Amino acid sequence: MEIKETNLDGVFEIENKVFEDIRGKFVKTFHEDVFQSHGLERDFKESFYSTSKKGVLRGMHFQLPPHDHAKLVYVADGEILDVVVDIRKESPTFGQHFSTRLSSENAKSLYMGKGYAHGFLTLTDSATVIYLTTTLHQPDYDSGIRWDSFGFEWPSFTEDLIISNRDQSFSRLNLIELD
């Protein structure tokens, strides 16, 4: 397992350990000692997954303090373009983003600490995305920003995006209240 820094403090791209043989693939997506040695939160409280069709954009989601959380994301089937944006108003990288492709083929994960909005676009016919979070989901603290409000250029086929009404109703990054 190799943990790589990104342009955002607290966001790491992870090259997972993959074991392959004639039966298929075995992927290690979490190792407590490795996370601890990199100073990453590792006390995950909840795990869930989503399945999405091609062109589905989910995001950009986060939970407000005191229920904000670190998150580990990876793809069990298919491929996504995963995007994280810094929403920490006092951060020198506020409003900056990081993106990477996560897939069942490349077996990478993305770890983000507290203070980031997260979303993704499904690139294949379908994708199954797994999330682990360090706090439990609290609907009253669940929030987001608009997917098109922070300067990220989504791929060209995005004119046919499938976005929930809720995600379309989020405020722009420059208008969000985080207190």
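These legends describe close-up views of a predicted model.

**View 1. An open sheet of six strands.** The strand order is E1-E2-E10-E7-E12-E5. Pairing in this sheet is antiparallel. Strand E1 (2-5) and strand E5 (46-53) form the edges, and each pairs on one side only. On average, neighbouring strands of the sheet are turned by 25 degrees against each other, direction ignored.

**View 2. Strand E2 beside strand E10.** Residues 11-15 make up strand E2, and residues 108-112 make up strand E10. The two strands run antiparallel and are joined by five bridges. Follow Ile14 across to E10: its bridge partner there is Ser109.

**View 3. Glu13, a buried residue in strand E2.** Glu13 sits in strand E2. Its relative accessibility is 13%, so Glu13 counts as buried, the limit being under 20%. What does the side chain of Glu13 make a polar contact with? The partner is the side chain of Lys108, at 2.7 Å. Neighbours within four places in sequence aside, Glu13 is in contact with Glu2, Ile3, Lys4, Thr6, Phe98, Thr100, Lys108, Ser109 and Leu110.

**View 4. Phe12 and Tyr111, an aromatic pair across two strands.** The whole structure holds 10 aromatic pairs. In one of them, Phe12 and Tyr111 are tilted, with 6.3 Å centre to centre and 50 degrees between the planes. Phe12 belongs to strand E2 and Tyr111 to strand E10, so this pair ties together parts that are 99 residues apart in sequence. Are Phe12 and Tyr111 buried or exposed? Both are buried. Phe12 and Tyr111 also belong to one aromatic cluster, together with Phe30, Phe35 and Phe44.

**View 5. Phe152 and Trp154, an edge-to-face pair.** The ring centres of Phe152 and Trp154 lie 4.8 Å apart. The angle between their planes is 80 degrees, and the pair is edge-to-face. Phe152 has a relative accessible area of 13% and is buried. Trp154 is at 10% relative accessibility, so Trp154 counts as buried too.

**View 6. The largest nonpolar core.** This core has 20 residues. Which residues have the most contacts inside it? They are Met60, Val85, Ile87, Ile145, Phe150 and Trp154. Strand E6 (57-63), strand E8 (79-86) and strand E11 (116-122) each supply at least two residues of the core. Apart from it lies another core, of 15 residues. Val75, Phe98, Phe120 and Val129 are among the residues of that other core. In soluble globular proteins, nonpolar side chains tend to be buried together.

**View 7. Val85 and its surroundings.** Val85 is among the residues with the most contacts inside the largest nonpolar core. Residues up to four places away in sequence are not counted here. Val85 touches Met60, Ile145 and Phe150, which are also listed among the best-connected residues of that core. Other residues that Val85 touches are Gly95, Gln96, His97, Gly115, Tyr116, Ala117 and Leu173.

**View 8. The hairpin of strands E3 and E4.** Strand E3 covers residues 17-21, and strand E4 covers residues 24-28. The two pair in the antiparallel sense over five bridges. How many residues lie between E3 and E4 in the hairpin? There are two. The bridge partner of Lys17 in E4 is Lys28.

Methods: Residues numbered from 1 in each chain as written. Predicted model: local features only at pLDDT ≥ 70, side-chain atom pairs only at ≥ 80, totals over all residues. Heavy atoms only, no water. Pairing = 2+ DSSP bridges. Helix = DSSP H or I, 4+ residues; strand = E, 2+ residues; numbered from the N terminus. Axes fitted to C-alpha atoms, helices over the stretch in contact; angles between N-to-C directions. Core = buried A, V, L, I, M, F, W, Y, C linked by side-chain atoms within 4.5 Å. Buried < 20%, exposed > 50% of the residue type's maximum accessible area, 1.4 Å probe, protein only. Contact = heavy atoms within 4.5 Å. Phe/Tyr/Trp six-rings, centres within 6.5 Å; stacked < 30°, edge-to-face > 60°. Polar contact = N/O pair within 3.5 Å; in protein donor to acceptor, adjacent residues only side chain to side chain.
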